[in-house]
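I opened this one to look up a few residues and write down what turned up. Notes follow in the order I took them.

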Amino acid sequence: MISIMQPVTASPSVSRRAMPQTWTPMRAHAYSGHRSYRGHLICRTPGGTTADTITISTDAPTAPAPEVPAAAKVSPDEARALVDQVLAAIKDTDSGQSLTAAQRDHVDTLLERLEAVGQQQQPRPLENPLLWGHYNVDYTSPGRAPERGEPAGGRFRSRLGRFLFRTAGLFQSVIQPDIATNKVEFKLFGLLPGYVGLRGRVVPQGEGGDTVAVLFERPVLSLANCLHLRIGRVSSVGLVTTYLDERVRLGRGTRGSLFVFTRGGAAENAGMDTVCLERTSGLASLVLGAFFAALFMGGAALWGSGQPLLRAVAGCMWAL
C-alpha cells in the first residue's frame with residue numbers, strides 16, 4: 001500500500017519545521033495540454049544535502065475510477081453502511097494479504113461503489129480538512145488490472161520479505177502543508193525492530209481536486225532505532241483520493257491499485273512526522289552491509305547444495 005515529494009521546478013525544499021495546525025487547501029497546478037515537471041529534487045536532511053534530476057509527465061494519468069451508472073450510485077447514508085462492510089471485511093487480514101480471491105473481489109466491488117459516492121463529494125478531497133492526518137494502511141489490492149509486486153511496501157511486503165521482515169505496521173500520513181510519509185514497521189527475524197520509510201512532497205495535479213503526484217526522497221532503512229541508512233533511489237507516484245470521510249480515505253494508484261486508509265489508532269503513535277529525518281551513519285552502512293553480505297553468502301551455500309528446494313530458497317534470498 002503502501003502499497004506514497006519535492007517539486008521538480010525551482011521551488012523551495014521540504015520544510016523541516018513543525019507543521020502548522022491551521023488548515024489550508026491544496027491548490028492544483030493547472031496547465032493546458034501536456035503537463036510535466038523537470039528539474040532537481042533537493043533533499044535536505046540532518047545527514048546532508050543531495051540532488052537528483054527528475055521528470056514527471058502526466059501524459060499517462062492515474063487510472064480513473066470506473067464509471068458507475070447513475071442507478072447504481074448510493075446515498076451518503078448508504079455509503080456509511082458500505083464503509084462498515086469494508087471495515088468488517090478487511091479486519092485482521094494483514095492489509096488484505098489473508099483474503100481469498102473471492103473475498104478480495106467482494107471488497108474491491110464495495111470500494112468501487114464508494115468511489116461513485118466520492119465522485120459527488122463536496123468539498124473535493126484536496127480542499128477537505130479531513131485529508132490531513134495519520135493513517136493505517138488497512139487494505140491494498142491490485143484492483144481489476146493486476147500489477148506485479150505489492151501496491152504498498154514493495155519487496156518488504158513480498159512473501160519472502162514478510163518472512164524475514166515480519167510486518168508490525170503499515171502506515172501513511174498526509175501532513176500540512178504538503179508532506180506525505182510512508183512507513184513499514186517490521187521485526188527482523190521476528191526479533192529486531194526496524195522500519196523502511198519514505199518522505200516526499202505532494203504536488204496537486206489537474207483540476208478535479210482529488211489527484212496528486214508525490215515526489216519521494218530516497219528511502220530510509222532503520223534498525224533498532226539507532227542504525228539508519230538511505231537506500232534506493234528517489235521515486236514518484238500518482239494517487240487519486242476516491243472517497244473521504246471521518247473514518248477512512250480511499251485511494252487509487254497509477255495502475256488501478258486500491259487502498260483503504262483508516263484514521264488514527266496505531267498510526268497516531270508511529271512517529272510519522274519524523275519519518276526519514278534521522279541522521280544516517282557509517283556504522284549503519286557497515287552493519288547493514290554485513291547483513292546483506294551474509295544473506296548473499298548464505299544463499300550461495302544453499303545453492304551449492306544442489307538440492308532444488310534449497311536452490312529455490314537461495315534464489316529468493318538473492319532476490320531480496
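Before the surface entry, one definition: a patch takes residues with over 30% relative accessible area and no salt bridge, and nonpolar side chains are joined into one within 5 Å. I also keep in mind that this is a predicted model.

**Entry: surface patch**

I looked for nonpolar side chains on the outside and found a patch made of Leu283, Leu286 and Val287. Together they have about 280 Å² of accessible area. I checked Leu283 by itself: it sits in helix α4, residues 282–304. Its relative accessible area is 52%, so Leu283 counts as exposed, the cut-off for that being over 50%.

**Entry: the cores**

Next I went inside. In soluble globular proteins, nonpolar side chains tend to be buried together. Here the largest nonpolar core has 26 residues, and Val212 and Val214 have the most contacts inside it. I asked which strand gives the most to this core. The answer is β5, residues 179–188, with four residues. There is also a second, separate core of 17 residues, and Ala79, Leu99, Leu250 and Val260 are among them.

I looked up Val203 too. It lies in strand β6, residues 192–205, and is buried at 6% relative accessibility. From Val203 to Ile179 I get 9.3 Å between C-alphas, with their positions 24 residues apart in sequence.

**Entry: Arg124 and Asp210**

Side chains of opposite charge can pair when their charged atoms come close. I counted seven salt bridges in the structure and picked out three.

The first I wrote down is Asp210 with Arg124, where the closest N and O atoms are 3.2 Å apart. This pair links distant parts of the chain, 86 residues apart: Asp210 is in the loop between β6 and β7 (211–216), and Arg124 is in the loop between α2 and β3. Are the two partners buried or exposed? Asp210 is buried at 17%, and Arg124 is buried at 13%.

I then checked what else Arg124 touches. Its side chain reaches the backbone oxygen of Gly208 at 3.0 Å. Leaving aside neighbours within four places in sequence, the contacts of Arg124 are Gly118, Gln119, Gly208, Gly209 and Asp210.

**Entry: two more salt bridges**

Arg80 pairs with Asp77, the closest N and O atoms being 2.0 Å apart. Why do I find these two about one helical turn apart? Because they are three residues apart in helix α1, residues 76–90. Arg80 is partly exposed at 39%, while Asp77 is exposed at 53%.

Lys183 pairs with Glu185, with 3.5 Å between the closest N and O atoms. I noted Lys183 as buried, at 9% relative accessible area, and Glu185 as partly exposed, at 22%.

**Entry: His134**

Last stop was His134, in strand β3. Its relative accessible area is 13%, so I put His134 down as buried, since the cut-off is under 20%. Which side chain does the His134 side chain make a polar contact with? It is that of Ser173, at 2.6 Å.

With neighbours within four places left out, the contacts of His134 include Gln172, Ser173 and Ile175. I also found Thr262, Arg263, Gly264, Ala267, Glu268, Met272 and Asp273 in contact with His134.

Notes
Residues are numbered from 1 along each chain as its sequence is written. This is a predicted model: local features need pLDDT of at least 70, side-chain atom pairs count only at pLDDT 80 or more; totals for chains, interfaces and linings use all residues. Side-chain values use heavy atoms; hydrogens and water are left out. Patches are made of residues with over 30% relative accessible area and no salt bridge: like charges are joined within 9 Å, nonpolar side chains (Val, Leu, Ile, Met, Phe, Trp, Tyr) within 5 Å. Accessible areas come from the Shrake-Rupley method with a 1.4 Å probe; for residues, only the protein chains shown count as cover. A salt bridge is a side-chain nitrogen of Lys or Arg within 4 Å of a carboxyl oxygen of Asp or Glu. Buried means under 20% relative accessible area, exposed over 50%, partly exposed in between (1.4 Å probe, protein chains only). A polar contact is a pair of N or O atoms within 3.5 Å; within protein, one must be able to donate a hydrogen and the other to accept it, and residues adjacent in sequence count only if both atoms are side-chain atoms. Contact means heavy atoms within 4.5 Å. A nonpolar core is a set of buried Ala, Val, Leu, Ile, Met, Phe, Trp, Tyr and Cys residues joined through side-chain atoms within 4.5 Å.
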